[in-house]
Amino acid sequence: MLKLYMHPASTASRPVRLLIAEKKLDVAEQVVDIMVGEHYQGEYTGVNPSRQVPALDDGDFRMTESSAILKYLASKFDLPEYPKNLQQRGRVDEVMDWFNTQFYRDFGYGMLYPQVFPHHKRPTDEHHTGTIAWGKEKSKGWFGVLDTHYIGQHAYVAGDQITIADYFGSCIVTAGALVGCTFEGFPNVQRWLGTMTQLASWASVNEVLYGFASSLKDKPFERL
Ligand SMILES: N[C@@H](CCC(=O)N[C@@H](CS)C(=O)NCC(=O)O)C(=O)O
């Protein structure tokens, strides 16, 4: 039996949970409560020595990294969301790498997490404010590329069919809910999110994220 270790508010866990729910995959889920440090304790440090969620067990085989887990599940269950055509698959891989590297680094780790999580606080106020300002400025550039290049000409990020790149990217972008981002000025991003949030499982998979975001809604965050 496949098992996913995850946390429901985690940006990296949500796309995997969304794929499992949408495609009704036979994968059990186990919550690792990263909000109370469960990923630093006991059994889980052996599951993922990087002390992060998600992680996947498939019998004797264990793997981490959300992008790789999405590709593994889509391949194992032969899903059309990870096309077999070489160039279509190349495009999906490209967009997932793009989201996972510069986009997530600047938007998630530069702009969002330092504002929301105490353990991302920088050592001085100047360093902290500078990190967020840098992350915000760089994120604006990446949102421009997403809006005009990746989804400017298409319904989805890797073409006109939904792929695992949309699962992955939409969950990273919607982490912006934590600081109240509405993505004004990026109409194609808004259109694409409108499509993704209509998925039958979107609301249930993202319920904990939106609950967490709503608990933060009165804070004076930097947002896009
Ligand atoms: N590159 C990893 C990143 C995983 C990751 O950042 N997980 C976060 C939750 S979204 C985590 O476990 N954080 C624990 C912590 O910050 O202590 C992946 O894509 O799976």
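**Briefing: sheet, helices and ligand shell**

Helix α1, residues 14-22, lies across strands β1 and β2 and runs at about 145° to β1. The model is predicted. The points below cover the sheet, helix α5 and the surroundings of the ligand.

**The sheet**
- The sheet is open and is formed by four strands in the order β2-β1-β3-β4, with mixed pairing.
- Its edge strands are β2 (27-31) and β4 (61-64), each of which pairs on one side only.
- From one strand to the next, the twist averages 20°.
- Strands of a sheet pair through backbone hydrogen bonds, and the pairing is either parallel or antiparallel.
- Strand β1 (residues 2-6) and β2 run parallel and are joined by five bridges.
- In β2, glutamine 30 is the residue that stands opposite tyrosine 5.

**Helix α5**
- Helix α5 covers residues 125-150, which is 26 residues; at 1.5 Å a residue it should span 38 Å.
- The end C-alpha atoms of α5 are 36 Å apart, which agrees with that expected span.
- The buried residues in α5 are Ile132, Gly135, Ser139, Phe143, Leu146 and Tyr150.
- These buried residues of α5 pack against two helices, α4 (86-116) and α7 (187-196).

**Around the ligand**
- The residues that surround the ligand include Ser10, Thr11, Ala12, Ile34, His39 and Gln52.
- Val53, Pro54, Thr64, Glu65, Ser66 and Ser67 also surround the ligand.
- Sorted by class, this shell has seven polar residues, four nonpolar residues and one charged residue.

Methods. Residues numbered from 1 in each chain as written. Predicted model: local features only at pLDDT ≥ 70, side-chain atom pairs only at ≥ 80, totals over all residues. Expected span 1.5 Å × (residues − 1). Buried ≥ 20, exposed ≤ 12 C-beta atoms within 10 Å, placed from the backbone. Contact = placed C-beta atoms within 7 Å. Near = placed C-beta within 6 Å. Nonpolar A, V, L, I, M, F, W, Y, C, P; charged D, E, K, R; others polar. Pairing = 2+ DSSP bridges. Axes fitted to C-alpha atoms, helices over the stretch in contact; angles between N-to-C directions.
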